[in-house]
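Q: Please take me through the charged pairs of this protein slowly, and then show me what lies around them. I am new to reading structures, so plain words would help.

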Amino acid sequence: MSDVFEGYAGQYCEISAALSRKCAAASALDGEKKKQKLSEIQADVQESESLIRRMDLEARSMQPSVKAGLLAKLREYKSDLNSVKGEIKRLSAPNAQQATREELLESGMSDTLAASSDQRGRLMMTSERLNQSSDRIRESQRTVFETEEIGVSILQDLHNQRQSLLHAHTTLHGVDDYIGKSKKILASMSKRMDRNKWIVGGIIATLVFAILFILYFKFA
């Protein structure tokens with residue numbers, strides 16, 4: 001349901017109810033007062049026509065599933081306005097006041113006003129149903145928005161976890177590289193130690209041999 005269409009419909013129902021009251025009041029007037037009242041009624045009719053044009057444009061801009069229902073309601077509004085125009089035309093005709101009084105004396109109310117009143121009642125009920133449907137749609141939209149926000153939050157958490165895993169994976173690769181380098185360094189140090197052992201052993205052997213050689217010649 002379009003909030004814009006709903007707003008126009010509410011305004012139209014208010015003006016339509018006011019037109020009904022003004023038509024009933026105009027039927028009891030004559031002379032300049034009646035002309036003034038009819039002028040006010042014509043101004044309200046023009047505003048009603050403007051609202052119907054706006055509702056028509058708004059309804060035709062909606063999706064097909066929504067547009068069909070709005071256009072059906074719009075036809076009811078147009079029919080109601082046509083009834084009001086017929087009533088205004090009857091009030092504007094000569095001897096309209098006398099004819100109206102005769103109708104009221106015979107039936108208590110003209111058939112046109114009765115039909116218009118019933119139709120306005122249906123319009124008010126329809127407007128209420130439109131408001132309820134609009135509330136349900138807004139509630140559904142709020143639920144959808146909340147679900148989208150939850151989904152976005154979950155995706156953000158998953159993204160952060162993925163970044164953490166990638167960082168940990170990179171760190172492990174770095175540790176493996178350091179371990180490999182450490183192994184190479186230890187192996188190189190081990191080879192140097194072995195070589196140094198042989199060198200030290202050679203030096204010791206040479207010193208022992210020199211000492212023995214000196215002692216030999218000293219005690220010979």
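A: Let's start with D56, which counts as buried at 17% relative accessibility. Here buried means under 20% relative accessible area, exposed means over 50%, and partly exposed is anything in between (1.4 Å probe, protein chains only). Before going on, a word on the model: it is predicted, so local features need pLDDT of at least 70 and side-chain atom pairs count only at pLDDT 80 or more, while totals for chains, interfaces and linings use all residues. Residues are numbered from 1 along each chain as its sequence is written, and side-chain values use heavy atoms, leaving out hydrogens and water.

The partner of D56 is R60: the two form a salt bridge, with their closest N and O atoms 3.0 Å apart. A salt bridge here is a side-chain nitrogen of Lys or Arg within 4 Å of a carboxyl oxygen of Asp or Glu. Both residues lie in helix α2, 4 residues apart, about one turn of the helix. Helices are DSSP runs (H or I, at least four residues) and strands are runs of E (at least two), numbered from the N terminus. While D56 is buried, R60 is exposed, with a relative accessible area of 52%.

A second pair sits in helix α3, where E87 and R90 are 3 residues apart, again about one turn of the helix. Their side chains meet in a salt bridge at 2.6 Å, N to O. E87 counts as buried because its relative accessibility is 3%, and R90 counts as partly exposed because its relative accessible area is 22%.

Now for a pair that reaches between helices. K22 and D44 join their side chains in a salt bridge of 2.6 Å, N to O. This pair links distant parts of the chain, with K22 in helix α1 and D44 in helix α2, 22 residues apart. K22 is partly exposed at 21% relative accessibility, whereas D44 is buried at 12%. The helix that holds D44, α2, covers residues 31-60. Leaving aside neighbours within four places in sequence, D44 is in contact (heavy atoms within 4.5 Å) with I15, L19 and K22. A search of the whole structure finds 5 salt bridges, and the pairs described above are among them.

K22 also leads us to I41. Not counting residues up to four places away in sequence, I41 touches L19, K22, C23, A26 and I88. I41 is one of the residues with the most contacts inside the largest nonpolar core, together with F5, Y12, V45, I52, M55 and Y77. That core has 25 residues; a nonpolar core is a set of buried Ala, Val, Leu, Ile, Met, Phe, Trp, Tyr and Cys residues joined through side-chain atoms within 4.5 Å. The elements that give two or more residues to this core are α1 (3-26), α2, α3 (64-92) and α5. In soluble globular proteins, nonpolar side chains tend to be buried together.

One neighbour of I41, C23, is a cysteine worth a glance: C23 is buried, at 2% relative accessibility. C13 is buried too, at 7%. The structure holds 0 disulfides (a disulfide being a pair of cysteine sulfur atoms within 2.5 Å).

Finally, let's step back to the whole protein. There are 5 helices and 0 strands, giving the pattern α-α-α-α-α along the sequence. Buried residues make up 23% of the 220 residues. Among contacts with a separation of 6 or more, 75% are between residues 24 or more positions apart. The accessible surface comes to about 15,700 Å², of which 60% belongs to carbon and sulfur atoms; such areas come from the Shrake-Rupley method with a 1.4 Å probe, and for residues only the protein chains shown count as cover.

Part of that outside is nonpolar: V200, I204, V208, I211, L212, L215 and F219 make a surface patch of about 690 Å². Patches are made of residues with over 30% relative accessible area and no salt bridge, with like charges joined within 9 Å and nonpolar side chains (Val, Leu, Ile, Met, Phe, Trp, Tyr) within 5 Å. V208 lies in helix α5 (residues 111-219) and is partly exposed, at 44% relative accessibility.
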